[in-house]
Amino acid sequence: MSTEVAGNSTAPLLPELFKGQVYKRNQGRLVRQMTCLAFWVIVALGCKSLYDSLQGFFDESSAALELAIPAITCLVGFWISFRLVNWPRFADFLIAVEAEMNKVSWPSKAELIRASIVVIFTIFFLAMSLFTFDIIWRAIFEFIGVAA
């Protein structure tokens with residue numbers, strides 16, 4: 001690993017929150033976009049929950065705060081999420097994840113169907129075996145008077 005990359009990957013998060021550039025713009029783009037989108041959904045759901053819990057909390061003169069507080073929290077959360085996926089340490093991890101996912105050999109449709117059938121039959125067989133053992137043990141326990 002070069003000293004430039006090693007130096008960037010240990011940068012603390014707080015100074016990164018105030019930068020505007022995108023780290024390694026063309027690398028790991030899809031996984032970083034999907035991660036950022038997932039963070040945004042979590043932030044939006046949290047702000048919606050905050051908005052719902054603030055309903056009726058303020059009096060009529062400060063009713064605008066019921067909308068302003070969740071809105072500002074949402075904007076700050078979106079910015080932090082965007083900066084987090086561009087934090088060199090986390091961005092390098094996401095870039096590596098995408099690179100590894102490109103190396104995965106995905107099964108063909110026929111292989112996927114065969115494997116799914118094997119899994120379904122195995123689960124069915126195990127469920128029937130457990131059901132049979134349950135019936136047998138229940139009968140044994142009822143015979144010796146342990147179960148009602």
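Which side chains does D134 meet in a salt bridge, and how far apart are N and O? In this predicted model, the partner is R138, and the N to O distance is 3.3 Å. Both residues belong to helix α6, and because they sit four residues apart there, about one helical turn separates them. That spacing fits a simple rule: an α-helix has 3.6 residues a turn, so residues three or four places apart point the same way. Neither end of the pair is tucked away under the cut-off for burial, which is 20% relative accessible area. D134 comes out at 37% relative accessibility, so it counts as partly exposed, and R138 gets the same label with its 46%.

The D134–R138 bridge has company, as the count for the structure comes to three salt bridges. Another one joins K48 to D52, with the closest N and O atoms 2.8 Å apart. Here the setting is helix α3, which covers residues 29-54, and K48 and D52 are four residues apart in it, so about one helical turn lies between them. K48 has a relative accessible area of 46%, which makes it partly exposed. D52 is partly exposed too, at 40%.

The remaining bridge links K103 with E100, and its closest N and O atoms are 3.2 Å apart. These two residues lie in helix α5 (residues 88-103), where a gap of three residues amounts to about one turn of the helix. Their exposure is labelled differently: K103 reaches 61% relative accessibility and so counts as exposed, whereas E100, at 45%, counts as partly exposed. As for the general idea behind such contacts, side chains of opposite charge can pair when their charged atoms come close.

Next come the aromatic rings. A search of the whole structure turns up five aromatic pairs. One of them brings together W79 and F82, whose ring centres are 5.7 Å apart and whose planes meet at 40°, so this pair is tilted. W79 and F82 are both in helix α4 (residues 65-84), and being three residues apart, they are separated by about one helical turn. W79 is partly exposed at 39% relative accessibility, and F82 is partly exposed at 24%. F90 and F93 make another aromatic pair, this one stacked, with 6.3 Å from centre to centre and 20° between the planes. Both of these phenylalanines lie in helix α5, three residues apart, or about one turn of the helix. F90 shows 21% relative accessibility and counts as partly exposed; F93 is also partly exposed, with a relative accessible area of 48%. Ring pairs also bring in F39, linking it with F90 and F93 into a cluster.

What about the overall layout? The domain assignment of the chain gives domain 1 as residues 26-104 and domain 2 as residues 106-147. The centres of these two domains, taken over C-alpha atoms, are 42 Å apart. A pair of single residues gives another sense of the spacing: D134 and A96 are 38 residues apart in sequence, and their C-alpha atoms are 48 Å apart in space.

Helix α6, home of the D134–R138 bridge, runs over residues 109-144. How does the span of α6 compare with what its residue count suggests? At 1.5 Å a residue, its 36 residues should span 52 Å, and the end C-alpha atoms are 53 Å apart, so the two values agree. Just after α6 comes G145, which takes a positive phi of about 85°.

The surface around this part of the chain also carries a nonpolar patch. It is formed by L130, F133, I136, W137, I140, F141, F143, I144 and V146, which together have about 1,000 Å² of accessible area. F141, one of the patch residues, has its place in helix α6. At 35% relative accessibility, F141 counts as partly exposed.

Key
Residues are numbered from 1 along each chain as its sequence is written. This is a predicted model: local features need pLDDT of at least 70, side-chain atom pairs count only at pLDDT 80 or more; totals for chains, interfaces and linings use all residues. Side-chain values use heavy atoms; hydrogens and water are left out. Patches are made of residues with over 30% relative accessible area and no salt bridge: like charges are joined within 9 Å, nonpolar side chains (Val, Leu, Ile, Met, Phe, Trp, Tyr) within 5 Å. Accessible areas come from the Shrake-Rupley method with a 1.4 Å probe; for residues, only the protein chains shown count as cover. A salt bridge is a side-chain nitrogen of Lys or Arg within 4 Å of a carboxyl oxygen of Asp or Glu. Buried means under 20% relative accessible area, exposed over 50%, partly exposed in between (1.4 Å probe, protein chains only). Rings of Phe, Tyr and Trp (its six-membered ring) pair if their centres lie within 6.5 Å; planes under 30 degrees apart count as stacked, over 60 as edge-to-face and the rest as tilted. Domain bounds come from an automatic or database domain assignment. The expected span of a helix is 1.5 Å times one less than its number of residues.
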